[in-house]
Amino acid sequence: VRDKFKFNKWGKTKIAYQLRLEQISESLIKSSICKIKENDYRNTLLKLIIDKNKSLKDPDSYKRRAKLFRFAQSKGFESEIIYSVTEEILK
């Protein structure tokens with residue numbers, strides 16, 4: 001869990017999904033994912049979205065926000081935290 005988060009920048013959803021594919025028990029998945037610090041989790045997502053935002057060329061803020069949201073979801077982050085971080089970035 002720690003390596004996938006730290007090196008691959010995966011969110012909790014994607015990590016849990018991959019562990020379920022490996023038939024890891026649900027209790028072990030939950031206890032492992034809980035060890036990810038919320039501050040580190042938010043900062044990782046913030047950095048990913050800032051970097052992705054720099055690479056986007058679309059001037060339309062609605063389309064830009066949608067692309068950032070889809071990107072973060074594909075990395076396995078939850079909708080609530082994605083929304084709060086994108087709102088913070090695109091004020």
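Here are some short exercises with worked solutions on the predicted model above.

**Exercise 1. The nonpolar core**

Find how many residues the largest nonpolar core has, and which helices supply at least two residues each.

*Solution.* Start with the count: the largest nonpolar core has 19 residues. Next, look for the residues with the most contacts inside this core, which are Ile-15, Tyr-41, Leu-45, Ile-49, Phe-77 and Ile-81. Now map the core onto the helices: α2 (12-21), α3 (26-33), α4 (38-55), α5 (61-74) and α6 (79-89) each contribute at least two residues. Of these, α4 gives the most, with 4 residues. Finally, pick Leu-45 and set aside its neighbours within four places in sequence; the contacts left are Ala-72, Phe-77, Ile-81, Ile-82 and Val-85.

**Exercise 2. An aromatic pair**

Classify the ring pair of Tyr-41 and Phe-77 from its geometry.

*Solution.* A pair of aromatic rings is described by the distance of the centres and the angle of the planes. A search of the whole structure turns up 2 aromatic pairs. For Tyr-41 and Phe-77, the ring centres are 5.0 Å apart and the planes stand at 45°. Pairing requires centres within 6.5 Å, while planes under 30 degrees apart would be stacked and over 60 edge-to-face. The angle of 45° falls in neither class, so the pair is tilted.

Then place the two residues: Tyr-41 sits in helix α4 and Phe-77 in the loop between α5 and α6, 36 residues apart, so the pair links distant parts of the chain. Both residues are buried. To finish, extend the picture by one ring: Phe-5, Tyr-41 and Phe-77 are linked into a cluster by ring pairs.

**Exercise 3. Lys-12 and its two partners**

Which ring does Lys-12 lie over, and with which residue does the Lys-12 side chain meet in a salt bridge?

*Solution.* Take the ring to begin with: Lys-12 lies over the face of Tyr-41, at 4.7 Å from the ring centre. Turn to the salt bridge, where the partner of Lys-12 is Glu-38, with an N to O distance of 2.5 Å. Lys-12 belongs to helix α2 and Glu-38 to helix α4, so this salt bridge ties together parts that are 26 residues apart in sequence. Now check accessibility. Lys-12 has a relative accessible area of 14% and is therefore buried, whereas Glu-38, at 48%, is partly exposed.

For practice, try another lysine: Lys-4 lies over the face of Trp-10, at 4.8 Å from the ring centre.

**Exercise 4. Two more salt bridges**

Compare where the partners sit in the salt bridges Lys-47 with Asp-51 and Arg-65 with Glu-87.

*Solution.* Side chains of opposite charge can pair when their charged atoms come close. The count for this model comes to 6 salt bridges. In one of them, the closest N and O atoms of Lys-47 and Asp-51 are 3.0 Å apart. These two residues are 4 apart in helix α4, so about one helical turn separates them. Asp-51 is partly exposed, at 37% relative accessibility.

The bridge between Arg-65 and Glu-87 has an N to O distance of 3.3 Å. Here Arg-65 is in helix α5 and Glu-87 in helix α6, 22 residues apart, and the pair links distant parts of the chain. Both ends are partly exposed: Arg-65 at 25% and Glu-87 at 27%.

**Exercise 5. A loop residue**

Is Gln-23 buried or exposed?

*Solution.* Locate Gln-23 in the loop between α2 and α3. Its relative accessibility is 73%, and the cut-off for exposed is over 50%. Gln-23 therefore counts as exposed.

Methods:
Residues are numbered from 1 along each chain as its sequence is written. This is a predicted model: local features need pLDDT of at least 70, side-chain atom pairs count only at pLDDT 80 or more; totals for chains, interfaces and linings use all residues. Side-chain values use heavy atoms; hydrogens and water are left out. A nonpolar core is a set of buried Ala, Val, Leu, Ile, Met, Phe, Trp, Tyr and Cys residues joined through side-chain atoms within 4.5 Å. Buried means under 20% relative accessible area, exposed over 50%, partly exposed in between (1.4 Å probe, protein chains only). Contact means heavy atoms within 4.5 Å. Rings of Phe, Tyr and Trp (its six-membered ring) pair if their centres lie within 6.5 Å; planes under 30 degrees apart count as stacked, over 60 as edge-to-face and the rest as tilted. A charge sits over a ring if NZ of Lys or CZ of Arg is within 6 Å of the ring centre and within 35 degrees of the ring normal. A salt bridge is a side-chain nitrogen of Lys or Arg within 4 Å of a carboxyl oxygen of Asp or Glu.
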